[in-house]
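Colleague: I would like to go through this model feature by feature. Please give the general idea where there is one, and then the case at hand.

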2 protein chains.
Amino acid sequence: MAKIYNFSAGPAVMPKKVLEKVQTELLSYKNSGMSVMEISHRSSLFSEIQENAEKNLRRLMDIPSEYDVLFLQGGATLQFTMAPLNFANNFKRIGFINTGHWSQRAIEEANLINGVEAIEIASGFSSGYTKLPEENRTSEDLDYVHITLNNTIEGTAYKEVPYMKDKFLVGDMSSNILGQRYNVSDFGMIYAGAQKNIGPAGLTVVIVRHDLVEKSPNLPAMLSYKKLVNKNSTLNTPPVFAIYCAGLVFEWLIAEGGIDVIEKKNREKAQLLYDFLDNSSLFSSPVSVKNRSITNIPFVTGNSSLDAKFIAMATENGFVGLKGHRLVGGMRASLYNAFPIEGVKELLKIMQKFELEYKGVY
Amino acid sequence: MAKIYNFSAGPAVMPKKVLEKVQTELLSYKNSGMSVMEISHRSSLFSEIQENAEKNLRRLMDIPSEYDVLFLQGGATLQFTMAPLNFANNFKRIGFINTGHWSQRAIEEANLINGVEAIEIASGFSSGYTKLPEENRTSEDLDYVHITLNNTIEGTAYKEVPYMKDKFLVGDMSSNILGQRYNVSDFGMIYAGAQKNIGPAGLTVVIVRHDLVEKSPNLPAMLSYKKLVNKNSTLNTPPVFAIYCAGLVFEWLIAEGGIDVIEKKNREKAQLLYDFLDNSSLFSSPVSVKNRSITNIPFVTGNSSLDAKFIAMATENGFVGLKGHRLVGGMRASLYNAFPIEGVKELLKIMQKFELEYKGVY
């Protein structure tokens, strides 16, 4: 088996130590004679897993006590529906900052709910979403404002969270949760699919201010934050194995030094690649310098058949998942927490080699 | 580590061979250098996993081609909401056969949907749900009829599926899917949480007739069978690892001889326990003989402190998960496909010993 560098946007690379621990105790969790996949979600073995996972996530993100933490299913896409159902009940209007594909999907899903209207209060359209909008139109008659912190496809990310007077923010943090520091109290709610920086796919983390939960209407159980909070995420059988893995990732991240340390490492990894791109005569980043994501880094040669040639060569050499999203083409390097800096250095080597071979050829 | 027999109602015991295979290839799936948790849901590695899982499930259950197979999240509880949203659009009335706790939960959730009314067309209430209702009142103005095939808590199960003239059945098969033979074409839709006979928690299998999917309204994506079918369950990131495990369980079950063979084994396991219960002077089954589940077998001593004593003794001796559901008390032995007949024989030995010691003491 050759060495692999996995640049996938998600499901993505996980910490090797976590995978090894999962493997070691897969047949008998804590000497129970049962796999963690076989233990009851009502057992003390599982309660302890969930409690520790929550405690460590609170510690990592410095989550204030007035926020609830939920471990749910259905990915960010189900949150596109749940947030409006739970929170858009006064004005039935939601402000959206449109920063690309995933915020547009959130808008589409909000508009599918009877009586709810999604209002675009800002858009990166004019820049082809290579820039984040600088001004957000505020309006009195909004229930809340939705923001996508990191745009996985377009490669932009917020470093500072925009201030929305009197309106709380609902933040999609799927692709950079735990990868850089945000202030939880800047949000009414944060949600994130697990399959990037948290663990395996099939788990969604929701962090929500308790007063907002209390005000939500009487919804079907699996769509109601209030009911899920009241049952501590075990209203029905939760995704036990995924929560267990997430807990191990949180422990790993604490051992690594926490978010501030990993953010520094993530910035170093990203800077290596951006410096190369900005000095290359073949490859370039399409994203405005000040809005660049440190997590998902799209790049192009400017020639789609040359892009394809590069991706094929890279894949053959063990650089997996570099193909850009079908909506934007080109390449994309996703450098999540578990992605090693060596992988970036090795990538730069093959980019350099490719550049020498192909610049001026097309 | 002592030998453990895991009688949990779910998450439940999984086939040892499946767990061993998961463990073996956990760090590098098919020599890819990546864990199955790290592979993209858009990769050919995953497409093959999903295609094989669907193909094998179709083969095992003999699913006709006019049915779609979905791999979803959210458990049976989310299906309590999704089925009405998708199918209760003409009369906005659903007939429910009330066979206990889980059908009552389905009724509650249906009634939470605006404009939808759940009609109880039959009930096992008068027997304390120890019997299945014998007659179901039919009515013209129902969109469909909901039935719970196996009642995990009460320990009843349908052997024959009731015929509903002109109305299609939506069947909750969570606790006995793949454990006994049903005819898929008797249903408009079947759903099942994975954590009993399919694999780890966090996956829901839905089998649905395509013409019903086509007729459903324009719903939020993650609640719409039509949109999920159109995207082949990968509308967003599916629970990759859980689908992989389910696929391995399906392969294991085919190697074991399929549903008819495993049903025979399940009947043998259940019969051993029922024979003991029916001849015991201490333990007994509260369930009507002809409606007894072969999957979940509740039993009692008739004295709750004696029940507690038995459970404590059993747990100490490695018989895990025998505590009955809090709603009915007593004991419950869940004998899913992966549960070995030896475990039943060993259970009978300690029951016998306990009976000798305690009969007549209280």
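Modeller: Start with one of the cavities, and keep in mind that the model is predicted. In chain B, β2 (67-72) and α3 (75-87) each give at least two residues to the lining of the second largest cavity.

Colleague: How is such a cavity found, and which residues lie nearest the centre of the second largest one?

Modeller: Rolling a probe the size of a water molecule over the atoms shows where empty space is left. In this case the second largest cavity has a volume of about 100 Å³. Its lining consists of 14 residues, and those nearest the centre are L72(B), Q73(B), M222(B), L228(B) and N236(B). By class, the lining of this second largest cavity holds 9 nonpolar residues, 5 polar ones and no charged ones.

Colleague: How many cavities does a search of the whole structure find, and what is the volume of the largest?

Modeller: With a lower limit of 30 Å³, the search of the whole structure gives 9 cavities. The largest has a volume of about 130 Å³. It is lined by 15 residues, of which L72(A), Q73(A), M222(A), L228(A) and G74(B) are the closest to its centre. The elements giving two or more residues to that lining are β2 (67-72) and α3 (75-87) of chain A. The lining of the largest cavity divides into 9 nonpolar and 6 polar residues, with no charged ones.

Colleague: Now the two copies. What turn lays chain A on chain B?

Modeller: A turn of 180°, with a shift of 0.0 Å along the axis, lays chain A on chain B at an RMSD of 0.0 Å. That is the relation of a two-fold axis. The same surface serves both copies, as 100% of the contact residues of chain A recur in chain B.

Colleague: How is chain A divided into domains?

Modeller: Domain 1 of chain A takes 5-15 + 258-358, and domain 2 takes 16-256. Their C-alpha centres are 26 Å apart. Across the boundary, 35 residues of domain 1 are in contact with 37 residues of domain 2.

Colleague: What does UniProt place at residues 4-347 of chain A?

Modeller: The unreviewed UniProt entry places "domain: Aminotransferase class V" there. Over residues 4-347 the chain is 35% helix and 16% strand, and the C-alpha atoms at the two ends are 11 Å apart.

Colleague: Which residues of chain A does the UniProt annotation "binding site" cover?

Modeller: According to the unreviewed entry, they are A76(A), T77(A), W102(A), T152(A), D172(A), Q195(A), N236(A) and T237(A). They span 162 residues in sequence and their farthest two C-alpha atoms are 30.9 Å apart, so they do not all gather at one spot. Of these residues, N236(A) is included in the lining of the largest cavity. T77(A), also in the annotation, sits in helix α3 of chain A.

Colleague: Next, the backbone. What should I expect of phi and of peptide bonds in general?

Modeller: Most residues other than glycine have a negative phi, and most peptide bonds are trans.

Colleague: Where does a cis peptide bond occur in each chain?

Modeller: In chain A, a cis peptide bond joins G10(A) and P11(A), with omega about -10°. P11(A) lies in the loop between β1 (5-6) and α1 (16-24) of chain A. In chain B, a cis bond joins G10(B) and P11(B), where omega is about -5°. P11(B) belongs to the loop between β1 (5-6) and α1 (16-24) of chain B.

Colleague: Is phi of D166(A) positive or negative, and where is D166(A) found?

Modeller: Phi of D166(A) is positive, near 65°, and this residue is not glycine. D166(A) is in the loop between β7 (156-157) and β8 (169-172) of chain A.

Technical notes:
Residues are numbered from 1 along each chain as its sequence is written. Chains are lettered from A and ligands numbered from 1 in the order in which they are written. This is a predicted model: local features need pLDDT of at least 70, side-chain atom pairs count only at pLDDT 80 or more; totals for chains, interfaces and linings use all residues. Side-chain values use heavy atoms; hydrogens and water are left out. UniProt positions are given in the numbering used here, feature names are shortened, and annotations may be inferred rather than shown by experiment. Helices (H or I, at least four residues) and strands (E, at least two) are DSSP runs, numbered from the N terminus. Copies are superposed by least squares on the C-alpha atoms of residues with pLDDT of at least 70 in both. Contact means heavy atoms within 4.5 Å. On a 1 Å grid over the protein atoms alone, a cavity is a set of points where a 1.4 Å probe fits but cannot get out, and a pocket is an open set with protein on both sides within 12 Å along at least five of seven lines; lining residues have an atom within 4 Å of a point. Grid points are joined across faces, edges and corners, and a volume is the space filled by probe spheres set on the points. Ala, Val, Leu, Ile, Met, Phe, Trp, Tyr, Cys and Pro count as nonpolar, Asp, Glu, Lys and Arg as charged, and the others, Gly among them, as polar. Domain bounds come from an automatic or database domain assignment.
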